[in-house]
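Good morning, colleagues. I should like to take a few minutes to walk through one model, which is now on the screen.

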Amino acid sequence: MNSVDGDQSCQRRFSVMNSNEDRLTQERESGHYDDAPAVKHCATSNDPFFWKGTTEDEAFLKAPALFEEYYSTGHFAGWAQSVVENRNMFSMFYVDSKSRMTTDDIQHVDLKLQWVATAVLCKMHQIRLQPDIQLYEREKEVLRWSGDGKTASEISQILKLSRSTINFHMRSAMFKLSAPNKTAAVINAIYLGLLN
């Protein structure tokens, strides 16, 4: 989700899934990419936006320096769609590829991606509208460790608790977050800012 004001500058931003590339993450969070063609498009339109990963691409021509940087990370073609929720807020879903794509390639997957984007963005909107969710500190700890890839057995050793206690806290957090599994619970908690 990105919050935008009238001049399209982001006030609050976070990503449920993002890159481990620290420099790029810092630049995104500082607003460096607010003028990226995909972000500008998605801030004002629900129509899909795509780029082919070439220097002749219309998106590339709008921001060549930005796309050169993007291409240098090994990413090329991509597709994005948003839900503009109101004048000041939009949510954007995007996927990218490590190879270049033709218009035919993108059109082949466009309807499927629109379906996935709509489903993901609608679910995120539902989560955001849930009443204020309160997690106990122990539930947050278990979710953080699980998000770091630790198993219940490993978390029990780290926190010096029994495995059944770890599973109890995980189930409790999953219930509160309306999550069908551990991964969804971690993602929902991050999205709602409960693990900060």
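Let me begin with the largest nonpolar core of this predicted model. This core holds 19 residues, and those with the most contacts inside it are L135, L143, L177 and A189. Which elements give two or more residues to this core? They are helix 6, spanning 137-147, helix 7, at 152-159, helix 8, at 163-176, and helix 9, at 182-191.

A further core lies apart from that one. It comprises 17 residues, including W51, L66, F76 and F90. One of these, L66, brings us to helix 4, which covers residues 64-72. Within helix 4, L66 is buried, as are F67, E69 and Y71. Please note that E69 is listed among the buried residues here alongside L66, F67 and Y71. Just after helix 4, the backbone at G74 adopts a positive phi of about 90°.

Let me now turn to the chain as a whole. Its secondary structure amounts to nine helices and five strands. Read from the N terminus, the order of elements is β-β-α-α-β-α-α-β-β-α-α-α-α-α.

How much of the protein chain is buried? Of its 196 residues, 38% fall into the buried class. As for contacts, if we take those between residues at least 6 apart in sequence, 57% join residues at least 24 apart. Finally, the surface: the protein chain exposes about 11600 Å², and 54% of that area is supplied by carbon and sulfur atoms.

Thank you for your attention.

Methods: Residues are numbered from 1 along each chain as its sequence is written. This is a predicted model: local features need pLDDT of at least 70, side-chain atom pairs count only at pLDDT 80 or more; totals for chains, interfaces and linings use all residues. Side-chain values use heavy atoms; hydrogens and water are left out. A nonpolar core is a set of buried Ala, Val, Leu, Ile, Met, Phe, Trp, Tyr and Cys residues joined through side-chain atoms within 4.5 Å. Buried means under 20% relative accessible area, exposed over 50%, partly exposed in between (1.4 Å probe, protein chains only). Helices (H or I, at least four residues) and strands (E, at least two) are DSSP runs, numbered from the N terminus. Contact means heavy atoms within 4.5 Å. Accessible areas come from the Shrake-Rupley method with a 1.4 Å probe; for residues, only the protein chains shown count as cover.
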